[in-house]
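The following paragraphs lead the reader through a protein structure, one feature at a time. Please keep the sequence and the structure in view while reading.

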Amino acid sequence: MRIDLQGGFGEKGRTSVGISGGGRNILLDVGIKIGATGRDYYPAIDDAAIAALDAVFISHAHEDHIGGLAWLLSRGFRGRIFMTAETSLEASAMLRQYGEKAHRQAFEAAAHCVELFAAGDTIELGGLSVSTGRSGHVAGGVWFAASDGAKSLVYTGDVVPDSGVFAMDPIPPCDLLILDASYGDDAISSDERIAAIRHWVGAQPNGCLLPVPLSGKPLELMAILPQRFAIHASMRDAVAAQIAARDAFHPGIGAELTQRLANALDWSELDALPDCPLMSFDGMGSAGPSVEAIKRAADQGYPILLTGHIPPNTPASALFEAKRAEWIRLPTHPTRQGNVAIWEGAGRPATLGHSCSLAALSALKQYLPALNDTVRTGDHIDV
Ligand SMILES: [Zn+2]
């Protein structure tokens, strides 16, 4: 099999992996890179390779994994499109927020052709089979295992081995493992991070703003916030739809989140900022109601806590650099120990890492000797 690293290697964003094998060419994810401009906003795949694709598979509906789908169609992609029902529910909204207007029609025209699968399904395409499993990252999020009968590869997409909310299926043995290295060698456990976030939120009696992506993290935060909190009103239906995907959760969590969402206050721009924690999307102030909410919070001295990746050239990074926002990671990617355990479970195969800098990969390599810390977007390798 030939593996083309089309985006997300040596960088965070525009995650995309091409696989050629078993007589088929497929693409796993087609993200965009927030903070990048021009051609670097999209994966490095060229038009000839796009035209030769038989299918694209989407792991989940975060912008760095799906945001380039309308662009791909506008560049001449005519293959099959696979995603879970949960991902497809969010796809249009994500492409509206992060895609270019000129490309949107390309997705609207193709949306009815999207083929749905469920986590755990295997899809056969000629001599290539693609197996899937729950990622533990968002409702309907999956990892992919591709095999041409001789060799196999696992691309984890974004995974969370130790989420208290979402369940993750074990990664199967493989010849090449492409890990979610978003956090490099960060070894601070979820429990420690959650305790720090609870402490910070508890110290803000007059409320605080928590910018989050639309899927995944809101549910992780809801599980640890005080009983009284608010969400931007426009998030309620999307969050409820995620909670409805009961198979995605650890036992009992779905019912608890349903209760917490029912008790959550609705907030909109017509209201004063609330005297309790307020969640709004997205997590960077680049799109959605966070654009306005972050502006107002900054103007009024209302505390802001960032809990995820802070791309450069975003409102979140400007506030953080000006010390107007604080940051405590709420882990929604593997810690160092999590990635080492995935690698060992996969039979200690050759390994790549996506969604981080080469420096962060080098740090992780100290604990994961099979990790290649030199390949970057635009490179290809043979398995
Ligand atoms: Zn993600």
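**The zinc site and its surroundings**

Along the sequence, the residues that donate to the zinc ion follow the spacing H-x1-H-x74-H-x20-D. The model in which this site appears is a predicted one. The donors are H60 through NE2, H62 through ND1, H137 through NE2 and D158 through OD, and they coordinate the zinc ion at 2.2 to 2.3 Å. Two of these donors come from distant parts of the chain: H60 belongs to the loop between β4 (55–57) and α2 (63–66), whereas H137 belongs to the loop between β8 (128–134) and β9 (142–147), 77 residues apart.

The geometry of the site deserves a closer reading. Ideal angles at a metal are 109.5 degrees when four donors are tetrahedral. Four donors count as tetrahedral if all angles lie between 85 and 135 degrees. Around this zinc ion the four donor atoms subtend angles of 91 to 168 degrees, and the arrangement is therefore irregular. As for accessibility, H60 counts as buried because its relative accessibility is 1%. H137 is likewise buried, with a relative accessible area of 3%.

The aromatic residues come next. A pair of aromatic rings is described by the distance of the centres and the angle of the planes. Rings are paired here if their centres lie within 6.5 Å, and by this rule the count comes to six aromatic pairs. In one of them, the ring centres of Y41 and Y42 are 5.1 Å apart and the planes stand at 85 degrees, so this pair is edge-to-face. Y41 and Y42 are both buried. A stacked pair is formed by F166 and F249, with 5.2 Å from centre to centre and 25 degrees between the planes. F166 lies in the loop between β10 (152–155) and β11 (176–180), and F249 lies in the loop between α8 (236–243) and α9 (253–263), so the pair ties together parts that are 83 residues apart in sequence. F166 and F249 are both buried. In addition, ring pairs link F57, F82, F117 and F144 into a cluster.

Aromatic rings also take part in contacts with charged side chains. R329 lies over the face of Y183, 3.7 Å from the ring centre. In a second case, the charged end of R336 sits over the ring of Y367, at 3.6 Å from the centre of that ring.

What can be said of the nonpolar interior? In soluble globular proteins, nonpolar side chains tend to be buried together. The largest nonpolar core of this structure has 35 residues, of which L221, L257 and M279 touch the most other members. Two or more residues of this core come from each of α6 (190–202), β12 (208–211), α7 (217–222), α8 and α9. The element that gives the most to this core is α6, with four residues.

How many disulfides does the structure hold? The number is zero, and two cysteines serve as illustrations. For C174, the closest cysteine sulfur is in C356, at 18 Å, which is too far for a bond. C174 counts as buried because its relative accessibility is 10%. For C208, the closest cysteine sulfur is in C276, and the 8.3 Å between the sulfurs is too far for a bond. C208 is buried as well, at 0% relative accessibility.

Another contact concerns V340, which is placed in helix α12 (residues 336–345). Although V340 and L368 are 28 residues apart along the chain, their C-alpha atoms are separated by 6.3 Å. V340 counts as buried because its relative accessibility is 16%.

The backbone completes the tour. Most residues other than glycine have a negative phi, and most peptide bonds are trans. The peptide bond from F281 to D282 is cis, with omega near 5 degrees. D282 is found in the loop between β15 (277–280) and α10 (290–300). N313, a residue other than glycine, has a positive phi near 60 degrees. N313 is located in the loop between β16 (305–306) and α11 (315–321), and it counts as exposed at 66% relative accessibility. K323 is not a glycine either, yet its phi is positive, at about 60 degrees. K323 is placed in the loop between α11 and β17 (326–327), where it is exposed with a relative accessible area of 74%.

Technical notes
Residues are numbered from 1 along each chain as its sequence is written. This is a predicted model: local features need pLDDT of at least 70, side-chain atom pairs count only at pLDDT 80 or more; totals for chains, interfaces and linings use all residues. Side-chain values use heavy atoms; hydrogens and water are left out. Rings of Phe, Tyr and Trp (its six-membered ring) pair if their centres lie within 6.5 Å; planes under 30 degrees apart count as stacked, over 60 as edge-to-face and the rest as tilted. Buried means under 20% relative accessible area, exposed over 50%, partly exposed in between (1.4 Å probe, protein chains only). A charge sits over a ring if NZ of Lys or CZ of Arg is within 6 Å of the ring centre and within 35 degrees of the ring normal. A disulfide is a pair of cysteine sulfur atoms within 2.5 Å. Donors are N, O and S atoms within 2.8 Å of the metal (3.2 Å for Na, K and Ca); water is not among the atoms, so sites may look incomplete. Four donors count as tetrahedral if all angles lie between 85 and 135 degrees; four count as square planar and six as octahedral if opposite donors are over 155 degrees apart and all others between 65 and 115; anything else is irregular. A nonpolar core is a set of buried Ala, Val, Leu, Ile, Met, Phe, Trp, Tyr and Cys residues joined through side-chain atoms within 4.5 Å.
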